[in-house]
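User: I am new to this structure and would appreciate a close look at a single part of it, beginning with a helix and continuing to whatever surrounds it. Please explain each term as it arises.

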Amino acid sequence: MSELVLYNSETRRKEPFRPITPGKVGLYVCGVTVYDYCHVGHARVMVVFDTFVRHLRAQGYEVTYVRNITDIDDKIIRRALENGESINALTARFIDAMHEDERALNVLPPDREPRATEHMGDILAMIETLVGNGCAYQADNGDVYFSVRDFPGYGRLSHKKLEELEAGARVEVSEAKRDPLDFVLWKAAKAEEPDEAKWDAPFGCGRPGWHIECSAMSTRCLGPHFDIHGGGMDLQFPHHENEIAQSECATGEKFVNYWMHVGFVRINGEKMAKSLGNFFTIREVLKAYHPEAVRTFLLSAHYRSPVNYSEENLNKAKAELQRLYGVLEAVPPGEPAEETDYEARFNTTMNDDLNTPQAFAVLFELAREANRTQDAALSGLLVKLGRRLGILQQSAQDFFRSQPGSGLSDEEIERLITERNAARTARNFARADAIRDQLKEAGIELLDGPEGTRWRRA
Ligand SMILES: [Zn+2]
């Protein structure tokens, strides 16, 4: 069996994976800040680590997968105030929505899902340790800052030099900092902030900064030193750099052995981001595409590469998935074939830093072979390996019946309806019926009435 090799962002090379405890893996992934619906960029991180955990488990590892929820943050406070809603109500609503999206995408829940507000004791204890050992200080404005100069390893993950950072750092409003690179661990409460956003602390009432939350929660759930830490590419700096600094200064131990970062979802060459306003929410996309088609799209690129969000690419993924289901329809799956070259190659490619595009290539080869030989055992193997990618988990019949909007845009639907009306006028009923069937398969229902034909997505 091939061994698992991971690209470690810190060393910038692929390394054989050696767990701290043989047979076990501790994995921490930075989760969502819950003030709005998740978008396709979030979906990619969820789907990639879900697929990674499925792979680890299939290889016999006992995995503890921790993914946190950031439920206190500037953006949350602002949004709650804007909505005239309590922070609790806002975050509860979007945590529910996130879980709903995940279930829809066939993302298995993490083993632990710690929330920052439920770990205030751990957060405060870590800040106290850092203040106590001189790695952090309280400024005149009441904020507590981490002193970057006191951690010699700073910049190790992002390969940034302090001098360059220093030159690039804007001298910010916060003149309370001793050094512009220092970052906040504890924000002193402000009068206009709601009581819900304030916690009592030895250094005064306030709330934690974002970075310290992850250091405290990962240490609580996995211990001070664990195997793998993951997240989106944009978290590498400063978030993960800061996590290393805080954790290693607080515990005196090496924090993490392997860092995995997931590439951006791009639209027209730009990163999909809430701050840029160019995002599609998961639920928007799922109105038009089957969830397994979305997974196929997200896993069609290697996790470290950017992936371009476009109708063209989603339709391509959809067509590929339909091809696989087409085989399952033609060759009803039986007990999966055992010890095949296909499964061995699938595992080898997944062991190679989770090379999902290659894993799909193996699935397509297997599908062709199953179709050619009409072998139910190969078809069964297709289902078994599909599960590892979170796809092919419906019967072919259910899949083809449950196609949502099928990527048909409103314009395409209108055009087909116009064409159908023209066919009816020309008494070409065969063509008219074929279009009706095509729309029906795409989940579009036609309502013929005196004012013409209306339609709705089923
Ligand atoms: Zn984090």
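Analyst: **A helix and its surroundings**

Helix α9, residues 291-299, has nine of its nine residues buried, so it is largely enclosed by the rest of the structure. A residue counts as buried if 20 or more other C-beta atoms, placed from the backbone, lie within 10 Å of its own, as exposed if 12 or fewer do, and as partly exposed in between. Helices are DSSP runs of H or I with at least four residues, strands are runs of E with at least two, and both are numbered from the N terminus. The model is a predicted one, in which local features need pLDDT of at least 70 and side-chain atom pairs count only at pLDDT 80 or more, while totals for chains, interfaces and linings use all residues. Residues are numbered from 1 along each chain as its sequence is written.

Which residues of α9 are buried? They are Pro291, Glu292, Ala293, Val294, Arg295, Thr296, Phe297, Leu298 and Leu299. The cover over these residues includes the helices α1, α3 (87-104), α8 (282-288), α10 and α12 (356-373), together with strand β13 (307-308). Contact here requires that the C-beta atoms of two residues, placed from the backbone, lie within 7 Å.

One of the covering helices, α1, also has a part in the contact between domains. The domain assignment of the protein gives domain 1 (18-266), domain 2 (308-401) and domain 3 (410-457); such bounds come from an automatic or database assignment. Domain 1 and domain 2 have C-alpha centres 36 Å apart. Their contact draws on 11 residues of domain 1 and nine residues of domain 2. On the side of domain 1 that touches domain 2, α1 (40-58) and β11 (265-267) each supply at least two residues. Helix α1 gives the largest share of that side, eight residues. By class, the residues on that side of domain 1 are five nonpolar, three polar and three charged. In this classification Ala, Val, Leu, Ile, Met, Phe, Trp, Tyr, Cys and Pro are nonpolar, Asp, Glu, Lys and Arg are charged, and the others, Gly among them, are polar.

Another covering helix, α10, leads to a backbone feature. The loop between α10 (311-330) and α11 (341-351) holds Glu339, whose phi is near 50°, a positive value in a residue other than glycine. Glu339 is exposed, with 6 other C-beta atoms within 10 Å. Leu392, in the loop between α13 (376-388) and α14 (396-401), likewise has a positive phi, of about 60°, although it is not a glycine. Leu392 is buried, with 26 other C-beta atoms within 10 Å.

The view can now be widened to the sheets. Strands of a sheet pair through backbone hydrogen bonds, either parallel or antiparallel. Two strands are taken as paired if DSSP finds at least two bridges between them. One open sheet has four strands in the order β4-β3-β9-β10, paired in parallel. Its edge strands, β4 (62-67) and β10 (256-262), each pair on one side only. Strand β9 (residues 226-232) runs parallel to β10 and is joined to it by six bridges, and Gly232 stands opposite Val262 in β10.

A further open sheet of four strands follows the order β5-β6-β7-β8 with antiparallel pairing. Its edges are β5 (136-138) and β8 (206-208), each with a single partner strand, so one side of each is left without a neighbour in the sheet. From one strand to the next, the twist of this sheet averages 20°. Three bridges link β7 (residues 183-188) to the antiparallel β8, in which Pro208 is the bridge partner of Trp186. Helix α4 packs on this sheet, touching β5, β6 (144-146), β7 and β8, and its direction makes about 95° with that of β5.

Helix α4 (residues 120-132) also packs with helix α7 (residues 236-251), at an angle of about 70° and with their axes 9 Å apart. Axes are lines fitted to C-alpha atoms, for helices over the stretch in contact, and angles run from 0 to 180 degrees between N-to-C directions. The two helices α4 and α7 are therefore roughly perpendicular to each other; this term covers 65 to 115 degrees, with under 35 counted as roughly parallel, over 145 as roughly antiparallel and the rest as oblique. Met126, Thr129 and Leu130 in α4 meet Gln246, Cys249 and Ala250 in α7. That contact has four nonpolar, two polar and no charged residues. Helix α7 also contains Pro238, and the peptide bond from Phe237 to Pro238 is cis, with omega near 0°.
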